[in-house]
Amino acid sequence: MASLTVENYVKTIYVLAQKASAAEVATGQIAAALGVLPGTVTSMLKTLDESNLATYTPYEGVRLTAAGRALALRVLRRHRLIEQFLSQTLNLSWDEVHEEAEHMEHAVSDALVDRIDAFLGHPTTDPHGDPIPQADGSMAVAADRPLSQCKSGEKFRVARVVDQSPAFLRSLTESGLEIDSQGLVVANEMSQNNMTLRLAGEDRHLSREAAAKLMVR
Ligand SMILES: [Zn+2]
């Protein structure tokens, strides 16, 4: 089994690459995401390269190999299924599950995760709307259209939230927004900092900055 650190690195590289729609990720981006010094990242990237999990080119960046991608997807599968499990069975809120899953994802076996998957009825998304990689490594396409781009008069359903900091998630809850919330864009003017949304018959304001972090269908 790969070490906790290796698992966290491949997971981080995978997520950063997806976010940027690029195969290559820069050392600085990884350092910022993990909160460590670039020098620490560089030596770890060499280890990943030697283990055939990634290809690292100094001053250019790192890209995962097929083996690295497969490991990253397995870690994400564990993480997202654990989040869904904690939310569905123990009623943890969406701002509580991530931190718990960060620890548990390295402690459970893939066999146990498969049992959790079956127990939950093979969910396709986690409590933040992120797609859950399936046991065969396939994964649904994540919702990627920001609410901030919806025009006045458009209906929407919240499918995913990309800023998963507990404070932001709690502010959404207070605004009556959660995954699968449905609403109508009453007004969205580029010149305004706020959008007006109608949720459950009530008009509410949401900053365009916050709306850019909500992906809708
Ligand atoms: Zn999540």
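Tutor: Two strands are said to pair if DSSP finds at least two bridges between them. The model discussed here is predicted.

Student: In what order do the six strands of the open sheet stand?
Tutor: Strands of a sheet pair through backbone hydrogen bonds, either parallel or antiparallel. In this open sheet the pairing is antiparallel. Read across the sheet, the order of the six strands is β3-β8-β4-β5-β6-β7.

Student: Which are the edge strands of that sheet?
Tutor: An edge strand here pairs on one side only. In the order β3-β8-β4-β5-β6-β7, look at the two ends. The edge strands are β3 and β7 (202-207).

Student: Which residue of β5 is the bridge partner of Lys 155?
Tutor: β4 covers residues 155-161, and β5 covers residues 182-187. The two strands pair in the antiparallel sense over three bridges. In β5, the partner of Lys 155 is Leu 184.

Student: Which side chains of strand β1 are buried?
Tutor: In a regular strand the side chains alternate between the two faces of the sheet. β1, residues 54-57, shows this alternation, with Thr 55 and Thr 57 pointing to one face and not buried. Pointing to the other face, and buried, are Ala 54 and Tyr 56.

Student: Which residue of β2 does Tyr 56 stand opposite?
Tutor: β1 pairs with β2, residues 61-64, in the antiparallel sense over four bridges. Across from Tyr 56 in β2 is Val 62.

Student: Which residue in the hairpin of β1 and β2 takes a positive phi?
Tutor: Most residues other than glycine have a negative phi, and most peptide bonds are trans. This hairpin has three residues between its strands. The one with a positive phi, near 70 degrees, is Tyr 59.

Student: Is Ser 21 buried or exposed?
Tutor: Ser 21 is found in the loop between α1 and α2 (27-34). Its phi is near 50 degrees, a positive value in a residue other than glycine. The relative accessible area of Ser 21 is 68%, and the cut-off for exposed is over 50%. Ser 21 is therefore exposed.

Student: What is the relative accessible area of Asn 91?
Tutor: Asn 91 has a positive phi of about 55 degrees although it is not a glycine. Its place is in the loop between α4 and α5 (97-104). Asn 91 is exposed, and its relative accessible area is 64%.

Student: Is α1 roughly parallel or roughly perpendicular to α4?
Tutor: The axes of α1 (residues 4-20) and α4 (residues 66-90) come within 8 Å and cross at roughly 95 degrees. Angles of 65 to 115 degrees count as roughly perpendicular. With respect to α4, α1 is therefore roughly perpendicular.

Student: How many nonpolar residues are in the contact of α1 with α4?
Tutor: Residues of α1 in this contact include Val 6, Val 10 and Tyr 14, and those of α4 include Leu 71, Leu 73 and Val 75. By class, the contact has two polar residues and four charged ones. The number of nonpolar residues is nine.

Student: Which residues coordinate the zinc ion?
Tutor: The donors follow the spacing E-x42-D-x1-H along the chain. They sit at 2.1 to 2.3 Å from the ion. The coordinating residues are Glu 83 (OE), Asp 126 (OD) and His 128 (ND1).

Student: How many residues apart in sequence are the parts that Glu 83 and His 128 tie together?
Tutor: Glu 83 lies in helix α4, and His 128 lies in the loop between α6 (110-119) and β3 (145-146). Glu 83 is buried at 1% relative accessible area, and His 128 is buried at 0%. The pair ties together parts whose separation in residues is 45.

Student: Is Asp 126 buried or exposed?
Tutor: Asp 126 is found in the loop between α6 and β3. Beyond its sequence neighbours within four places, Asp 126 is in contact with Arg 80, Glu 83, Gln 84 and Ile 132. Its relative accessibility is 4%, and buried means under 20%. Asp 126 therefore counts as buried.

Student: What separation do the C-alpha atoms of Leu 112 and Met 139 have?
Tutor: Leu 112 is found in helix α6 and is partly exposed, at 41% relative accessible area. Along the chain, Leu 112 and Met 139 are 27 residues apart. Their C-alpha atoms are separated by 19 Å.

Methods: Residues are numbered from 1 along each chain as its sequence is written. This is a predicted model: local features need pLDDT of at least 70, side-chain atom pairs count only at pLDDT 80 or more; totals for chains, interfaces and linings use all residues. Side-chain values use heavy atoms; hydrogens and water are left out. Buried means under 20% relative accessible area, exposed over 50%, partly exposed in between (1.4 Å probe, protein chains only). Axes are lines fitted to C-alpha atoms, for helices over the stretch in contact, and angles run from 0 to 180 degrees between N-to-C directions. Angles under 35 degrees count as roughly parallel, over 145 as roughly antiparallel, 65 to 115 as roughly perpendicular and the rest as oblique. Contact means heavy atoms within 4.5 Å. Ala, Val, Leu, Ile, Met, Phe, Trp, Tyr, Cys and Pro count as nonpolar, Asp, Glu, Lys and Arg as charged, and the others, Gly among them, as polar. Donors are N, O and S atoms within 2.8 Å of the metal (3.2 Å for Na, K and Ca); water is not among the atoms, so sites may look incomplete.
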